[in-house]
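Here is a set of exercises to work through with the coordinates open beside you. Try each task before you read its solution.

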Amino acid sequence: MKEFPADIKFSYGWRAYQQRVLDGLDEYLKDGHLHVIAPPGSGKTVLGLEVAIRINQPTLILTPTIAIRNQWIQRFCEMFLQQEQTPGWVSHDIRKPGFLTVITYQGLHAACNDLKTAEPESESEEEVDEHEPVTSANHNLDNIVNGLKEQQVKTIVVDEAHHLKNEWWHTLDKVKKAIDPMIIGLTATPPYDVSATEWQRYLELNGPINIEISVPELIIEGDLCPHQDYVYLSLPADDEIKGIAAFRQGIEELFAEIKVDETLINAIENHPAWQNPQGSLDWIYTNLSYYSASLIFLNANGRVISKDHLDIIDNKKLKIPVFDNSWMEVLLDFYLYRDKEIFKIFAAHQKIIEGKLHRYGAIEKRQISFSQNKKVTGALTSSISKLDSIQHIVNFEYQQLGHNLRMVVLTDYIRKDFYINADINELELNKIGVMTIFEKLRRQNAAGIKIGVLTGSLVIVPYSAYQVFREKVRHYGLGEINCERVPFASDYVLVEQSEQLKNDIVNLITQIFQSGEIEVLIGTKSLLGEGWDAPAINSLVLASFVGSFVLSNQMRGRAIRTQKGNLGKTGNIWHLCCIDPTTATAGEDFDMLKRRFKSFVGISFKDGGGIENGVGRLNIPPGIKQPDDVEQQNKRAFTYAADRESLQAKWHAALENGVTLIEEIKIPFESDREYSAIKTMYLNKTIANLLAALGFGMLDYLSAILQSLGRAGRLLSSREGISIYLVIIAITGFLFFGRLAFKALRLFIKYRDISKDVEQIANALLSAMVHMEVVKTDRAKLRVDSSVDRFGNVYCFLDGGTTYEHSAFINMLHEIVGLIDNPRYVIVRRNMFLFFVKQKDYHAVPELIGRTKASANYFMEQWQKNVGYCDLVFTRSLEGHQLLLASRMNSLSAQFDDSTERVSKWR
């Protein structure tokens, strides 16, 4: 077989973006690659199949999981062949490739290394992330390649290639080079956040991005439905909070004890960097964080920071920071592990300190943490309180939708030990997992909600759905199946999986769920979280706390697909979060939620609405931790979630106010007061103080007139005394208010329109990127856009160019305006305002630009052209080391702190 059958045809119409790809296919494939980025639910699978059919050569399709592998085969049969049976020329065995071969990445890697466990068949209790490949030499590669060459495979489709681990990538790269195929790259989540080297590797495999489609665009086209994320908050259970509070109290006691430990103080005081800083410059400049921690620690213990240290820092007025948990972590890492030779006489004491850290839970595999603890994090992320949260969400959504509810609950573990062979199941539900969620809902199911379970090794259906299930098994010719009543729940049936059934069970249960025989389906994210398709889903609960942010976005994508015949469909996506009431930041679970929400785009609840990413769009009050506040926030979430009609209206209104999703950098204004108010205040103060100074100057002038008049008219000496008194008042007042005016003027300058400042820096950066050909779009088609809101937050983005160019631009701008770490080059910027106010700023030269002196010099030239005078300093020299330390201590860019972030907005 050399070609696809001539009568193959896609049985539906093409979506707008799919048609654009197909119309430009010949142009896209000129370099041997097609690279498409589109959200989950946008139809990438059928697009990939159609492209392969049009290329019309033997094809290899690579997927991340068996479930997705089966989906490709199923879609191909149903939507292109219009049949249910898989033809013999479709293979899922790479050792016996067919005209069309569909396998997993791990399957390819395992076959090329002749490993027995080719592919993961199902998720297990412990295996919840993608399987880590075994490093090997691909000793069976030639046999696999020869098999592909015999089949004359010349097209490879790579689905969600962000899954590729290092070893998997090396294997695939060798296969690609051996057969030189056309590559079709399809993904929903390109790895923009990886290093430049990893990104280059990704592009070498997939080719340059040809088309990227955003969620708002697909909602406009009607391919995705209006949806919203909601967060349901909970507080730890009593036992959990006791454990967390005990950890926090223990850490406080441990910190207080170590902070004044005389042996530790003595060890740090006797380090050469403290004793002879000028003679330890090389060490200091390569260990800046340890040096800083030592100074801060000794200062906290009353030791005077000598002039030699201040000279190195280049700031004799430096305000030493407070010694806190973060600095304690750095100091102890230094003392225990980083300078063994210097501290070897303290070995016995080091063991004592390390023992205390272990006892208090402040260390894990030589990683010291006074703020986080594995047990505390685990208690929050897998808090049993989330079972109640799921129960409340299920009841709420069922009250709203009744039998139209199609909810999926995704979690990490199966917890099969909670399935017992007994008439009554009264086990305490003290863990989060598929079975405990099932039991929680089953035991409190007064409304009679139809609940089902679907995992790789455990399938449960309501008895009311059993007959429909058996009919579908017969329809697909799957033979006899073994089923039995659940011992402790007679209205549910356990489906025993057979070898014949296991590849079709997901499809069968999905059909039953779609038709409403199951209203709430509980499963694992490893089976249903990616690639699984059930368009009827209108509510999703993410009860997963393990896994990558990429997978979080994939799971979320299950609920945002449109459903044929259901034009009013909306999707509610529920995220569970357990608040830590012992911290001001709400705890590690909320921190994880914030990180995940960076990749979630949706409607903002803030004033003005709009479409953007980040958890901030949900308007959750900061520092929330009181039970009443948590309850009120959950009530607000339910109020929003109940109004699905309003959600549709908000999406339509927001979509009309923009044309594309823009990634931009946000530089927050660090103040509790509005930026415009502070700027106006200092301007008013400047004017007021200048007027006061001028008034006292006028008083001095009037005093001089009085003196002259007194002399001319032989006035009394008492009048001369009055004149002298007036002169003293005038001079004192002039100096006092003049100083206040000058100080206010400096602050006014600090709060000038910093958006213009950032825009100038961004233009310098863009010119350098164009010069280096990182940006290949015509410069005339590009524009830097910056603005500042009433809170002083600065936003900046690149208008025009490709998606990768936008991302690279934001990454590099973040390096420039963010905290300085350890760049090869630093820009030293000196500004003069009205010839008497001097400012000195430090900015890192982005890592990619700083790789060569020539590109760094070009960036400096563009800086001088766009921003103003500056010096370029190479930080690997002695002078550069000193400047790097000074810049890290004093840089004005530090006012932005780590809160500088990347955001996406529909504009």
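Let's begin with a pair of facing residues: Y230 stands opposite W574 in β18. Keep in mind throughout that this is a predicted model.

**Exercise 1. A strand and its partners**

Task: Find out which way the residues of β18 point, and whether they are buried or exposed.

Solution.
Step 1. In a regular strand, side chains alternate between the two faces of the sheet.
Step 2. Sort the residues by direction: G571, I573, H575 and C577 point one way from β18, while N572, W574, L576 and C578 point the other way.
Step 3. Check burial on either side: all of these residues are buried.
Step 4. Strand β18 (residues 571-578) thus has 8 of its 8 residues buried, so it is largely enclosed by the rest of the structure.

Task: In which sense does β18 pair with β8, and over how many bridges? Then do likewise for β17.

Solution.
Step 1. The pairing of β8 with β18 is parallel and runs over 8 bridges.
Step 2. Strand β17 (residues 539-543) also pairs with β18 in the parallel sense, over 4 bridges.
Step 3. To place the β17 side, take L540, whose bridge partner in β18 is I573.

**Exercise 2. The nonpolar cores**

Task: Which residues touch the most other members of the largest nonpolar core?

Solution.
Step 1. The largest nonpolar core holds 82 residues, and F76 and I509 touch the most other members.
Step 2. Helix α4 (residues 66-80) gives the most to this core, with 7 residues.
Step 3. Now list the contacts of F76, leaving aside its neighbours within four places in sequence: F4, I8, L49, I53, L81, W89, V90 and L100.
Step 4. Look for another core as well: a second, separate one has 57 residues, including I393, I451, V520 and V630.

**Exercise 3. Salt bridges**

Task: Which parts of the chain does the pair R20 and E221 tie together?

Solution.
Step 1. Side chains of opposite charge can pair when their charged atoms come close.
Step 2. R20 and E221 form a salt bridge, with an N to O distance of 3.9 Å; the cut-off is 4 Å.
Step 3. R20 belongs to helix α1 (residues 16-23) and E221 to the loop between α9 (215-220) and β8 (227-234), so the bridge ties together parts that are 201 residues apart in sequence.
Step 4. For the surroundings, R20 is partly exposed at 39% relative accessibility, and E221 is partly exposed at 31%.

Task: Are R644 and E397 buried or exposed, and where do they lie?

Solution.
Step 1. The closest N and O atoms of the salt bridge between R644 and E397 are 3.3 Å apart.
Step 2. R644 lies in helix α27 (residues 644-656) and E397 in helix α19 (residues 385-401), so this pair ties together parts that are 247 residues apart in sequence.
Step 3. Both R644 and E397 are buried.

Task: What separates E631 and K635 along their helix?

Solution.
Step 1. The side chains of E631 and K635 meet in a salt bridge at 3.6 Å, N to O.
Step 2. They are 4 residues apart in helix α26 (residues 627-642), a separation of about one helical turn.
Step 3. E631 is partly exposed, with a relative accessible area of 41%, and K635 is partly exposed at 43%.
Step 4. Elsewhere, salt bridges that share partners join R75, D533 and R561 into one network. The count for the model comes to 28 salt bridges.

**Exercise 4. Aromatic rings**

Task: Is the pair F10 and W14 stacked or edge-to-face? Classify F334 and F343 too.

Solution.
Step 1. A pair of aromatic rings is described by the distance of the centres and the angle of the planes.
Step 2. For F10 and W14 the centres are 4.2 Å apart and the planes are at 20 degrees, so the pair is stacked. Planes under 30 degrees apart count as stacked.
Step 3. F10 is buried at 10% relative accessible area, whereas W14 is partly exposed at 22%.
Step 4. The rings of F334 and F343 have centres 5.3 Å apart and planes at 70 degrees, so they are edge-to-face.
Step 5. F334 is buried at 1% relative accessibility, and F343 is buried at 0%.
Step 6. To finish, ring pairs link F4, F10, Y12, W14, F76, F80, W89 and F99 into a cluster.

Key
Residues are numbered from 1 along each chain as its sequence is written. This is a predicted model: local features need pLDDT of at least 70, side-chain atom pairs count only at pLDDT 80 or more; totals for chains, interfaces and linings use all residues. Side-chain values use heavy atoms; hydrogens and water are left out. A nonpolar core is a set of buried Ala, Val, Leu, Ile, Met, Phe, Trp, Tyr and Cys residues joined through side-chain atoms within 4.5 Å. Buried means under 20% relative accessible area, exposed over 50%, partly exposed in between (1.4 Å probe, protein chains only). Helices (H or I, at least four residues) and strands (E, at least two) are DSSP runs, numbered from the N terminus. Contact means heavy atoms within 4.5 Å. Rings of Phe, Tyr and Trp (its six-membered ring) pair if their centres lie within 6.5 Å; planes under 30 degrees apart count as stacked, over 60 as edge-to-face and the rest as tilted. Two strands pair if DSSP finds at least two bridges between them.
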